[in-house]
Amino acid sequence: MSRTLHLNLFIHGRGHHEAAWRHQGATTAALTDIRYYQQLAQRAEAALFDSVFLADALAIGDGVEHVAQGGLEPITTLAALAGATERIGLIATASTTYTEPFNLARQFASLDHISGGRIGWNIVTSWVSGAGPNFGHDRQIEHAERYDRAFEFVEVVTKLWDSWADDAVLDDRQSGRYADPSRIRRINHAGRYRKVAGPLNLPRSPQGRPVFVQAGSSTSGRRFAATHAEAVFTAHLEKSAAIEFYADIKSQATVLGRPADQVLILPGLSAVIGSTEAEAQRIWRELNELTHPKVGLARLSNRFGGHDFSHLDLDARLSVDDFPDPSTVQAAQSRAQVITALVARERPTLRQLLHSLAGARGHFTTAGTPEQIADIITDWFSSGAADGFNVMPPILPTQFDVFVEQVVPILQERGLFRREYAGTTLREHYSLRRPESQFFQPPVAIRA
């Protein structure tokens, strides 16, 4: 069976470039206007995208004076998107560090029922330094502990989702039996961080559980992805790094007994698209000229756990010695590694680095014609760097419209991307198996 390219739309503010909100091509809708998100999701569904994705942060960013922030909370937003769409998958971010497993399990199971089986959970450990105090923690929980908590958290919520058999609900009015209690069980989890009795108080959802999505690429993040993730939203600035990551995750998953095709690797792609290469470069320059160095420095500091870069000359060449060792960073280790690798490879000035990161925060950015963007997608897909892409338009909605109208048809003509949906659930779009309950054998109708 030939591979199928997967495309996810990552909805982020008014675009993934930090200055997008100032550009004439960006929406003027408020970031709290649900119609804006619904229209983007409907546009992605019309283009036959696998899914749309909403990220989240549990603290306001330092650059709120100069960067549009304050979008809607993702989980509640998905409920509104589910009612406005019919087929496209819907993925929301939720934290394993600052969330209770029982609440999260209820929310995502409810969303999967509401949407008819189209939900995914982006599993994050919440590295943003300001998150801890918002949840009563005096300090940021360290990187290793966050992942220890995440492993146990996923174990707990999976047990909760499995605590009802698929056939537990009888709804038999004649006999007076609504449910079969022998097909519902407590989980009685007592671990290092969590103690949860269960069972969940609503039936198993259409997909069994939401699709597990993950984005960390540190050593701990890779181990977590290989163990649990069914789709990985990863960030790479060059194809060779993406190929290494792809091979490593697939290999680790195989060693753990998981089929390699059940772990999709979807690197971020933020492409400025113009009718000519010169037009694309012009739009890229326009965006960079709208940035504010204060914002870039604050974000760079955040990536390195609060390290102060303000003493560096904006136009002096950087070296890795200007940065903390990424392995010591308690924030986003994988993104810190991406940044220091870029510095070692290209020796940019601080201004150039900030412009590069302004485009998509360490994801792959490029500028070109629709044909050139389609060529990049085809190359990465065919060379073992990606199973598809997390599409991150630099300006929303205009750059997404160009991608849909001019890049997608090229991919379809090349036989890489679908011309119609073959299924109705996110698992079907991603060609993922429906997980069986760890506690109950499935009824015959489900097994078949």
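The paragraphs below lead through a predicted model, beginning with its domains and then turning to one helix residue and several salt bridges.

The protein is divided into two domains, and domain 1 is made up of two stretches of the chain, residues 6-279 and 362-430, while domain 2 covers residues 292-357. If you look for the C-alpha centres of domain 1 and domain 2, you will find them 26 Å apart.

A useful residue to look at next is T340, which has its place in helix α10, a helix that runs over residues 333-346. The relative accessible area of T340 is 11%, and because buried means under 20%, T340 counts as buried. Which residues does T340 touch, once its neighbours within four places in sequence are left aside? The contacts of T340 are then with F304, V320, F323 and P326.

We can now turn to charged side chains. Side chains of opposite charge can pair when their charged atoms come close. In this model, a search of the whole structure finds 26 salt bridges, and three of the pairs are described here in turn.

One of these salt bridges joins R418 to D50, with the closest N and O atoms 3.0 Å apart. R418 lies in the loop between α13 (398-413) and α14 (426-429), whereas D50 lies in the loop between α1 (34-46) and β2 (51-54), so the pair ties together parts that are 368 residues apart in sequence. Both partners are buried, R418 with a relative accessibility of 12% and D50 with a relative accessible area of 0%.

A further salt bridge is formed by the side chains of D167 and R183, where the distance from N to O is 2.8 Å. This pair also links distant parts of the chain, since D167 is in the loop between α5 (143-161) and β5 (169-172) and R183 is in the loop between β6 (177-179) and β7 (189-190), the two being 16 residues apart. Is D167 buried or partly exposed? At 28% relative accessibility, D167 counts as partly exposed, while R183, with a relative accessible area of 19%, is buried.

The pair R282 and E286 offers a salt bridge within one helix, and its closest N and O atoms are 2.6 Å apart. Because R282 and E286 stand four residues apart in helix α8 (residues 277-289), they are separated by about one helical turn. Both count as partly exposed, R282 at 35% relative accessibility and E286 at 25%. Elsewhere, salt bridges that share partners bring D162, D166, R204 and R434 together in one network.

Definitions and conventions:
Residues are numbered from 1 along each chain as its sequence is written. This is a predicted model: local features need pLDDT of at least 70, side-chain atom pairs count only at pLDDT 80 or more; totals for chains, interfaces and linings use all residues. Side-chain values use heavy atoms; hydrogens and water are left out. Domain bounds come from an automatic or database domain assignment. Buried means under 20% relative accessible area, exposed over 50%, partly exposed in between (1.4 Å probe, protein chains only). Contact means heavy atoms within 4.5 Å. A salt bridge is a side-chain nitrogen of Lys or Arg within 4 Å of a carboxyl oxygen of Asp or Glu.
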